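This report describes a protein model part by part. Look at the sequence and the structure before reading on.

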Amino acid sequence: MYRPIRYRSAENLIAETQRGLSERSVVGLVGAEMASVPGVAGIADAVADRGGRLSPSSLKADCISPALAAALARNGNRSVTVAPEAGSERMRRSSTKILPNPRFCTPPN
């Protein structure tokens with residue numbers, strides 16, 4: 001809601017997921033949009049390495065990288081929520097959020 005976006009470090013999130021995996025086998029990654037979180041594919045890999053599953057709340061359609069998709073599949077995820085940012089193709093066109101050839105997000109450093 002307030003800018004600038006404040007990301008938690010991947011190292012911090014990995015440590016938190018490891019703590020969560022000591023209690024459960026599934027760890028939720030909750031936020032407005034998780035695919036552009038710096039290091040998210042590495043976080044998913046770290047969870048898979050411990051035998052757990054990372055469950056992201058929502059992934060922006062044009063930010064899902066091949067590495068993230070592979071990491072989530074390795075986690076055992078069979079489905080994820082993909083957010084196209086608009087309810088219909090007409091709304092996406094009118095708001096210029098068209099996804100004919102998805103580009104992959106590069107999170108800020």
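## Contacts and the model

Two residues are in contact when heavy atoms of theirs lie within 4.5 Å of each other. The model described here is predicted.

With that cut-off in mind, consider Leu 54. Its neighbours within four places in sequence are left aside. Leu 54 is then in contact with Thr 17, Val 27, Leu 29, Ile 43, Ala 44, Val 47, Leu 72, Asn 75 and Asn 77.

## Overall layout

The protein chain has 109 residues, of which 31% are buried. Its secondary structure consists of four helices and four strands. Read from the N terminus, these elements follow the order α-β-α-β-β-α-β-α.

How much of the contact total comes from residues 24 or more positions apart? Among contacts with a separation of 6 or more, such pairs account for 69%.

## The nonpolar core

The largest nonpolar core holds 20 residues. Those that touch the most other members are Ala 35, Leu 54, Leu 59 and Leu 68. Leu 54, whose contacts were listed above, is thus one of these four.

Which elements give two or more residues to this core? They are H1, S1, H2 and H3. Helix H2 gives the most, with five residues.

## Ala 10 and Glu 33

Ala 10 is found in helix H1. Is this residue buried or exposed? Ala 10 counts as buried because its relative accessible area is 19%, and the limit for a buried residue is under 20%. Apart from neighbours within four places in sequence, Ala 10 is in contact with Pro 38, Gly 39 and Ile 43. The C-alpha atoms of Ala 10 and Gly 42 are 7.8 Å apart, while the two residues are 32 residues apart along the chain.

Glu 33 is in the loop between S1 and H2. Leaving out neighbours within four places in sequence, Glu 33 has contacts with Ser 58, Leu 59, Lys 60 and Cys 63. Leu 59 is also one of the core residues named earlier. Between the C-alpha atoms of Glu 33 and Ser 57 the separation is 7.4 Å, and these residues are 24 residues apart along the chain.

## Salt bridges

How many salt bridges does the structure hold? There are three. One of them joins the side chains of Glu 16 and Arg 19, at 3.5 Å from N to O. Both residues belong to helix H1, which covers residues 10–21. They are three residues apart, so about one helical turn separates them. Glu 16 is partly exposed, at 33% relative accessibility, whereas Arg 19 is exposed, at 57%.

Another salt bridge is formed by the side chains of Asp 45 and Arg 74, with an N to O distance of 3.1 Å. Asp 45 is in helix H2 (residues 40–49) and Arg 74 is in helix H3 (residues 66–74), so this pair ties together parts that are 29 residues apart in sequence. Asp 45 is partly exposed, with a relative accessible area of 28%. Arg 74 is also partly exposed, at 46%.

## A linked network

Arg 74 meets Asp 49 as well, in a salt bridge of 2.3 Å from N to O. Why does this pair tie together parts that are 25 residues apart in sequence? The reason is that Asp 49 lies in helix H2 and Arg 74 in helix H3. Asp 49 counts as exposed, at 55% relative accessibility.

Asp 45, Asp 49 and Arg 74 are therefore linked in a network of salt bridges, given that Arg 74 pairs with Asp 45 and with Asp 49.

## The largest pocket

The largest pocket contains about 740 Å³ of space. It is lined by 23 residues, and the closest to its centre are Arg 6, Val 30, Gly 31, Ala 32 and Met 34.

Which elements each supply at least two residues of the lining? H1 and strand S1 (26–29) do so. The largest share comes from H1, with four residues. By type, the lining has 13 nonpolar, five polar and five charged residues.

Technical notes. Residues numbered from 1 in each chain as written. Predicted model: local features only at pLDDT ≥ 70, side-chain atom pairs only at ≥ 80, totals over all residues. Heavy atoms only, no water. Salt bridge = Lys/Arg side-chain N within 4 Å of Asp/Glu carboxyl O. Buried < 20%, exposed > 50% of the residue type's maximum accessible area, 1.4 Å probe, protein only. 1 Å grid on protein atoms, 1.4 Å probe; cavity = no way out; pocket = protein on both sides within 12 Å on 5 of 7 lines; lining within 4 Å. Points joined across faces, edges and corners; volume = space filled by probe spheres on them. Nonpolar A, V, L, I, M, F, W, Y, C, P; charged D, E, K, R; others polar. Core = buried A, V, L, I, M, F, W, Y, C linked by side-chain atoms within 4.5 Å.
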